[in-house]
Amino acid sequence: MIDPNKHESQALSVACQSGGEYVESLGKTDLATFTGEEWATLIEVAVTAFQDHLRTAYANEPPPF
């Protein structure tokens, strides 16, 4: 993402927080030990959090075009 706007920056922070919480729930810190399912879930958690935040942010304050 080049030059993220305020909503995108906030969505990235939310996605990082959600992803971090998922990783903590696994009790693992070495990403090399993640199973395929754990990796897929991490991506799903982060992407979903990002999209959900943007959806809410843009519903409240649509982007200028």
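Hi everyone, let's start with helix H1: it has 21 residues and reaches 31 Å from its first C-alpha to its last, close to the 30 Å expected at 1.5 Å a residue. Please keep in mind that this is a predicted model.

Which residues of H1 are buried? They are His-7, Glu-8, Ala-11, Ala-15, Ser-18, Gly-19, Tyr-22 and Val-23. If you look down the axis of H1, these buried residues fall within an arc of 140 degrees, so they line one face of the helix. And what do they pack against? Their partner is helix H2, residues 36-60. Now turn to the face of H1 that points away from the buried side: there you'll find the exposed residues Cys-16 and Glu-24.

Next, the two ends. At the start of H1, Asn-5 has a side-chain oxygen that comes to within 2.9 Å of the backbone nitrogen of His-7. Just after H1, Gly-27 takes a positive phi of about 75 degrees.

Let me finish with Leu-26, which belongs to H1, a helix covering residues 6-26. Is Leu-26 buried, partly exposed or exposed? Its relative accessibility is 26%, and because buried means under 20% and exposed means over 50%, Leu-26 counts as partly exposed. If we set aside the neighbours within four places in sequence, Leu-26 is in contact with Phe-34 and Glu-38. As for Phe-50, that residue is 24 residues from Leu-26 in sequence, and their C-alpha atoms are 21 Å apart in space.

That's my tour of H1. Thanks for listening!

How values were computed. Residues are numbered from 1 along each chain as its sequence is written. This is a predicted model: local features need pLDDT of at least 70, side-chain atom pairs count only at pLDDT 80 or more; totals for chains, interfaces and linings use all residues. Side-chain values use heavy atoms; hydrogens and water are left out. Helices (H or I, at least four residues) and strands (E, at least two) are DSSP runs, numbered from the N terminus. Buried means under 20% relative accessible area, exposed over 50%, partly exposed in between (1.4 Å probe, protein chains only). Contact means heavy atoms within 4.5 Å. The expected span of a helix is 1.5 Å times one less than its number of residues. The arc is that of the directions from the helix axis to the C-beta atoms. A polar contact is a pair of N or O atoms within 3.5 Å; within protein, one must be able to donate a hydrogen and the other to accept it, and residues adjacent in sequence count only if both atoms are side-chain atoms.
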